[in-house]
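Visitor: I would like a close look at a single part of this structure, the sheet, and at what lies against it and around it. Please take me through it in one go.

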Amino acid sequence: MLISVRLSFVVLLSAVGTATIERVQYDHYKYHPLTEITSWMEQMVKDHPDVVTVVKYGKTYESRDISLLKIGLNTGKEKKAIWMDSFCQYFVREILQTYKTDAKMEEMVKNVDFYVTPVLNIDGYIYTWENETTRLWRKNKSPGPKNCSCYGTDLNRNFDANWGTVGVSFNCCSKFYPGSKAMSELEIKAVTDFVGSRKDSFLCFLSIHSYGQMLLIPYGHPSYTAPNYGELMMVGQGATEAMWKVHQTNYTVGTPPNVLYPITGSATDWARMQGIPLTYTFELRDNGTYRFELPEDQIQPTCEEAYRGVLYIITYAHDKTFNGAVANTAVTLSGTLR
């Protein structure tokens with residue numbers, strides 16, 4: 001969500017998911033600038049006004065609107081919620097193509113509202129499109145501290161979740177600079193205000209990044225363990241198995257200290273500390289050959305396998321809440337929705 005590297009998953013999914021708007025000649029297998037992603041969001045509202053709305057919930061440092069898509073049927077009742085960031089067009093397409101014909105998906109959009117933020121680090125993302133020297137920019141665009149000639153904060157180290165303790169650099173020019181204090185950045189305040197004001201409604205908080213082929217669970221600090229660690233691992237392993245079945249791509253499940261490196265101040269750690277039970281960070285393809293510059297011929301398979309993992313998790317969360325069911329239901333759905 002928070003890394004603005006152009007090939008992060010926000011754009012991987014932007015590329016594939018645009019199959020539904022061929023009339024404007026969107027190329028589904030290319031990477032797209034923010035203007036095209038924004039146009040797609042607006043088009044989804046026009047095409048599906050009964051189930052899709054755009055919600056503006058904050059501003060960036062450079063005063064751009066931060067928006068999300070709210071997807072769900074209006075039942076007139078208070079609903080549960082699922083948060084996803086950097087995972088928009090492909091997932092949205094799948095929901096909108098199936099909810100009227102598939103009983104399970106229809107049940108989920110009746111019971112749950114999906115809040116999907118395609119791009120949070122909007123300023124940084126736009127900056128990556130300026131030229132090749134800015135191509136892999138990671139941070140936002142806020143100014144650094146006094147007497148610092150650099151700018152930008154790593155937004156995924158700025159949440160109030162063991163902030164600034166491990167896995168960061170207080171060199172303001174570092175790409176891992178966590179900001180001057182927890183929640184110092186407008187973009188993070190937008191997320192925490194929005195989610196925090198309705199935190200009891202959220203069943204899942206999913207954040208999509210690249211790269212490494214991992215499914216990370218809380219916590220990023222090696223001294224802390226999530227109270228439902230066993231459940232997080234169980235559901236995560238089910239999700240990675242569902243992902244493997246698509247293209248036989250291996251994903252590793254675990255905490256950041258165990259499978260990647262310690263990190264504090266992350267979005268999913270913050271969400272778990274708010275009481276949201278199922279929080280995951282997806283690190284998508286690949287294992288380091290192309291790093292953030294994944295070839296376009298891998299866009300489609302990456303989206304397809306990621307969707308299966310996400311679908312497994314959200315189905316588990318839904319059925320546990322509404323049906324008292326276990327993960328077997330998610331296995332069934334993962335194999336039936338195409």
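**The sheet and its surroundings**

Guide: In β4, Ile-71 has Phe-114 as its bridge partner. The model is a predicted one, and this pair is a convenient place to enter the sheet. β2 and β4 run antiparallel and are joined by 3 bridges. With β3, β4 runs parallel, and 6 bridges join the two. In that pairing Trp-83 stands opposite Tyr-115 of β4.

β4 itself is mostly covered, with 6 of its 6 residues buried. Which residues of β4 lie on each of its two faces? Val-112, Phe-114 and Val-116 are on one side, Asp-113, Tyr-115 and Thr-117 are on the other, and all of them are buried.

The whole sheet is open and has 8 strands in the order β1-β2-β4-β3-β5-β8-β6-β7, with mixed pairing. The edges are β1 (52–59) and β7 (252–254); each has a single partner strand, so one side of each has no neighbour in the sheet. On average, neighbouring strands are turned by 20° against each other, direction ignored.

At the β7 end, β6 (residues 214–216) pairs with β7 in the parallel sense over 3 bridges. There Leu-215 stands opposite Val-253 of β7. Helix α7 (residues 229–247) packs on the sheet and touches β6, β7 and β8 (278–284). The direction of α7 makes about 35° with that of β8.

Another helix, α6 (residues 186–196), lies across β1, β2 (65–71), β3 (80–85), β4 (112–117) and β5 (202–210). α6 runs at about 130° to β1. Tyr-115 of β4, already met opposite Trp-83, belongs with Trp-83 to an aromatic cluster that also holds Tyr-57, Phe-194, Phe-202 and Phe-205.

Aromatic pairs occur elsewhere too: a search of the whole structure finds 16 of them. One of these is Tyr-125 with Trp-129, an edge-to-face pair with 6.5 Å centre to centre and 70° between the planes. Tyr-125 is buried, at a relative accessible area of 1%, while Trp-129 counts as partly exposed at 28% relative accessibility. In the pair of Tyr-211 and Phe-292, the ring centres are 5.1 Å apart and the planes are at 80°, so this pair is edge-to-face. Tyr-211 is in the loop between β5 and β6 and Phe-292 is in the loop between β8 and α10, so the pair ties together parts that are 81 residues apart in sequence. Phe-292 counts as buried, because its relative accessibility is 13% and the limit for buried is under 20%.

The loops that follow β6 and β8 each hold a cis peptide bond. One runs from Pro-218 to Tyr-219, with omega near 0°, and Tyr-219 is placed in the loop between β6 and α7. The other runs from Arg-285 to Asp-286, with omega near -5°, and Asp-286 is in the loop between β8 and α10.

Next come the helices that pack on α10. Helix α4 (residues 103–111) packs against α10 at an angle of about 65°, with the axes 11 Å apart. Their crossing is left-handed. From α4, Lys-104, Met-105, Glu-107, Met-108 and Asn-111 make the contact, and from α10 Tyr-307, Leu-311, Ile-314, Thr-315, His-318, Asp-319 and Phe-322 do so. The residues of this contact of α4 with α10 divide into 6 nonpolar, 3 polar and 3 charged.

Helix α3 (residues 89–98) also packs with α10 (residues 299–322), at an angle of about 65° and with the axes 10 Å apart. The crossing of α3 and α10 is right-handed. Tyr-90, Phe-91 and Glu-94 in α3 meet Cys-303, Glu-304, Tyr-307, Val-310 and Ile-314 in α10. The residues of the contact of α3 with α10 comprise 6 nonpolar, no polar and 2 charged.

Two backbone points remain, both in the loop between α5 and α6. Asn-147 is in that loop and has a positive phi of about 70° although it is not a glycine. Asn-147 is exposed, with a relative accessible area of 79%. Met-183 lies in the loop between α5 and α6 and has a positive phi of about 65°, again without being a glycine. Met-183 is partly exposed, at a relative accessible area of 24%.

How values were computed:
Residues are numbered from 1 along each chain as its sequence is written. This is a predicted model: local features need pLDDT of at least 70, side-chain atom pairs count only at pLDDT 80 or more; totals for chains, interfaces and linings use all residues. Side-chain values use heavy atoms; hydrogens and water are left out. Axes are lines fitted to C-alpha atoms, for helices over the stretch in contact, and angles run from 0 to 180 degrees between N-to-C directions. Helices (H or I, at least four residues) and strands (E, at least two) are DSSP runs, numbered from the N terminus. A crossing is left-handed if the near helix is turned anticlockwise from the far one by less than a right angle, and right-handed if clockwise. Contact means heavy atoms within 4.5 Å. Ala, Val, Leu, Ile, Met, Phe, Trp, Tyr, Cys and Pro count as nonpolar, Asp, Glu, Lys and Arg as charged, and the others, Gly among them, as polar. Two strands pair if DSSP finds at least two bridges between them. Buried means under 20% relative accessible area, exposed over 50%, partly exposed in between (1.4 Å probe, protein chains only). Rings of Phe, Tyr and Trp (its six-membered ring) pair if their centres lie within 6.5 Å; planes under 30 degrees apart count as stacked, over 60 as edge-to-face and the rest as tilted.
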